[in-house]
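The exercises below go with the structure shown next. Each gives a task and then a worked solution in steps.

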Amino acid sequence: MSNQENLNNDLKPLEQWYCDHCGEIINTPDEGWLEWYNDYTNNKGKGYRIVHHNKRCMYNAKQMFAQNKSISDMHLREYIGPDGLVNLLSDIDYGVVENNSELVEIIRRTHIPYYEEARKYHHIAEQEGFFSGENEVTRYLQSTSKDILNHFKEDYFD
């Protein structure tokens, strides 16, 4: 049986995501929202999150304003596919991000098949030595995400 046949995913890769606020599934890009905030002291983006496009999950603008932060956000659909990747990479390229790693993680989640679901199991894979001897690329490969799902999903959460 191939990896593809053995995968019994909760998510449709690159079509569904886990909400960073409530943890529930965002079923379509239209239900999702990418948001971040800028601290008035340096005006660089940080706090990047993928959330449901509703007030329950999104940053509270009044609370953020009270903390000297402004919110930036847009429909998740604007950040998927080739043009979405261009949008995300442009933010890194033009230096509007405080911590590039934060936005790189969003890029992985929106552009690498199976990564979004597999990242739920990364801590377990780490504890069990799954990443022993890896290089700086291995844990982010699509094949690694498939292997993680095949190896850890059933054992720990089904």
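**Exercise 1. Find the salt-bridge partner of Asp-20 and place both residues in the chain.**

Solution.
Step 1. In this predicted model, Asp-20 pairs with Arg-109 in a salt bridge, with 2.8 Å between the closest N and O atoms.
Step 2. Asp-20 sits in the loop between β1 and β2 (25–26), while Arg-109 belongs to helix α4 (residues 100–111). The two are 89 residues apart, and the pair links distant parts of the chain.
Step 3. Asp-20 has a relative accessibility of 31% and therefore counts as partly exposed. Arg-109 has a relative accessible area of 3%, so Arg-109 is buried.

**Exercise 2. Determine which residues are linked with Asp-20 in a network of salt bridges.**

Solution.
Step 1. The network links Asp-20, Glu-105, Arg-108, Arg-109, Glu-116 and Arg-119.
Step 2. One of its pairs is Glu-116 with Arg-119, where the closest N and O atoms are 3.7 Å apart. Glu-116 is buried at 4% relative accessibility, whereas Arg-119 is partly exposed at 27%.
Step 3. Arg-108 is placed in helix α4. Its relative accessible area is 18%; the limit for buried is under 20%, so Arg-108 is buried.
Step 4. With neighbours within four places in sequence left aside, Arg-108 is in contact with Tyr-115 and Tyr-140.

**Exercise 3. State how many salt bridges the structure holds, and describe the one between Asp-10 and Lys-153.**

Solution.
Step 1. The count for the structure is 14 salt bridges.
Step 2. Asp-10 and Lys-153 meet through their side chains, at 3.5 Å from N to O.
Step 3. Asp-10 lies in the loop between α1 (3–6) and β1 (17–18), and Lys-153 in helix α7 (residues 142–157); the pair therefore ties together parts that are 143 residues apart in sequence.
Step 4. Asp-10 is partly exposed, with 41% relative accessible area, while Lys-153 is buried, with 4%.

**Exercise 4. Trace the surroundings of Gln-16, a residue in the loop between α1 and β1.**

Solution.
Step 1. Is Gln-16 buried or exposed? The relative accessible area is 9%, so Gln-16 is buried.
Step 2. A polar atom of the Gln-16 side chain lies 2.8 Å from the backbone nitrogen of Lys-12.
Step 3. The side chains of Gln-16 and Asn-27 are joined by a polar contact of 3.3 Å.
Step 4. Apart from neighbours within four places in sequence, the residues in contact with Gln-16 include Asp-10, Ile-25 and Glu-116. Asp-10 is the salt-bridge partner of Lys-153, and Glu-116 belongs to the network of Exercise 2.

**Exercise 5. Describe the largest nonpolar core and the elements that contribute to it.**

Solution.
Step 1. This core has 18 residues. Those with the most contacts inside it are Leu-34, Tyr-48, Ile-50, Val-51, Leu-88, Leu-103 and Ile-106.
Step 2. Two or more residues come from each of β3 (32–39), β4 (45–52) and α4.
Step 3. Leu-88 touches, among others, Leu-34, Leu-103 and Ile-106, not counting residues up to four places away in sequence.
Step 4. A second, separate core has nine residues, including Ala-118, Ile-148, Leu-149 and Phe-152.

**Exercise 6. Work out how β3 and β4 are arranged, and examine the turn between them.**

Solution.
Step 1. The strands β3 and β4 run antiparallel and are joined by six bridges. Trp-33 stands opposite Val-51 in β4.
Step 2. β4 is mostly covered, with eight of its eight residues buried.
Step 3. The two strands form a hairpin with five residues between them. Asn-43 lies in this turn and is exposed, with 52% relative accessible area.
Step 4. Most residues other than glycine have a negative phi. Asn-43 is not a glycine, yet its phi is positive, at about 55°.
Step 5. Tyr-114 also has a positive phi, near 75°. Tyr-114 is found in the loop between α4 and α5 (115–118) and is buried, with 10% relative accessible area.

**Exercise 7. Decide which stretch of the model has pLDDT below 50.**

Solution.
Step 1. The protein averages a pLDDT of 91, and 92% of the residues score at least 70.
Step 2. The stretch with pLDDT below 50 is residues 1–8. Beyond near neighbours in sequence, this stretch has twelve contacts in the model.

Methods:
Residues numbered from 1 in each chain as written. Predicted model: local features only at pLDDT ≥ 70, side-chain atom pairs only at ≥ 80, totals over all residues. Heavy atoms only, no water. pLDDT = per-residue confidence, 0-100. Contact = heavy atoms within 4.5 Å. Salt bridge = Lys/Arg side-chain N within 4 Å of Asp/Glu carboxyl O. Helix = DSSP H or I, 4+ residues; strand = E, 2+ residues; numbered from the N terminus. Buried < 20%, exposed > 50% of the residue type's maximum accessible area, 1.4 Å probe, protein only. Core = buried A, V, L, I, M, F, W, Y, C linked by side-chain atoms within 4.5 Å. Pairing = 2+ DSSP bridges. Polar contact = N/O pair within 3.5 Å; in protein donor to acceptor, adjacent residues only side chain to side chain.
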